Amino acid sequence: MNAGQPPSDSSTPKLDPILLVDDDPRFRDCLASALRQRGIEVESVADSAAAVEQLERGNFVSAVVDLRLPESGGLELIPRLLQIQPQLRIVMLTGYASVATAMKAVRLGAHDYLTKPADTDQILHALAADPSAAGAPSTEERLPQVPSLEWVEWQHMHRVLAECHGNISQAARLLRIDRRSLQRKLAKYAPNR
């Protein structure tokens, strides 16, 4: 994250006040500090109950919500926030990206979905982007890129082989496949992501 760095883009749109909801105090404080250094008003809270309470008291334009929150998660919080303030622009953040959760977040009303570590510029641009504008990427185009199964398998085999210091027999035992099958798979070029 670029927290603590001066603003790099003078055209960053004004989106405040922003409600920041994340249970990681270090990340929350770092992002809040970076946003304040850009002149953006931020209120930060650690859980869903505090987020609802803050939103009922304040007039927020945007919210940055972590997927994993204690008690009720970020996905459950989206409809509650939008019920209180239907025009709220919400960006969901997560360190555990999956296509399924990204699709669910967008369907629940999130404006966008970013994977951590997202920097301050990425978050502000996601909040400012208009997904309904002409030329804007579709929901599917905005989803995190998921590597192919072949790519993950190829990466895993090479990692295990490296952990076995290049010993193919030991790697094959750990992977529970035949040594020749492992050799054949390792001889292939890396599949496309």
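Where does S72 lie, between β3 (62-66) and α3 (74-84)? In this predicted model, S72 sits in the loop that connects the two elements, with β3 on one side and α3 on the other. Let's use this serine as a way in, and then move on to the cores.

How exposed is S72? Its relative accessibility is 22%, and because buried means under 20% and exposed over 50%, S72 counts as partly exposed. Leaving aside residues up to four places away in sequence, S72 touches S48 and R80. With S48 there is also a polar contact between the two side chains, at 3.1 Å. A49 is worth a look here too: 23 residues separate A49 from S72 in sequence, while their C-alpha atoms are 8.7 Å apart in space.

From here we can turn to the nonpolar interior. In soluble globular proteins, nonpolar side chains tend to be buried together. The largest nonpolar core of this model has 23 residues, and V65, L81 and I90 touch the most other members. Two or more residues come from each of β1 (18-21), α2 (48-57), β3, α3, β4 (89-94) and α4 (99-108). Of these, α3 provides the largest share, with five residues.

L81 is a good place to pause and see who its partners are. Not counting residues up to four places away in sequence, L81 touches A51, L55, A63, V65, L88 and I90. Two of the names in that list, V65 and I90, join L81 as the residues that touch the most other members of the core.

There is one more region to visit: a second, separate core of 18 residues, with F27, L31, I40 and L127 among them.

Terms used
Residues numbered from 1 in each chain as written. Predicted model: local features only at pLDDT ≥ 70, side-chain atom pairs only at ≥ 80, totals over all residues. Heavy atoms only, no water. Helix = DSSP H or I, 4+ residues; strand = E, 2+ residues; numbered from the N terminus. Buried < 20%, exposed > 50% of the residue type's maximum accessible area, 1.4 Å probe, protein only. Contact = heavy atoms within 4.5 Å. Polar contact = N/O pair within 3.5 Å; in protein donor to acceptor, adjacent residues only side chain to side chain. Core = buried A, V, L, I, M, F, W, Y, C linked by side-chain atoms within 4.5 Å.
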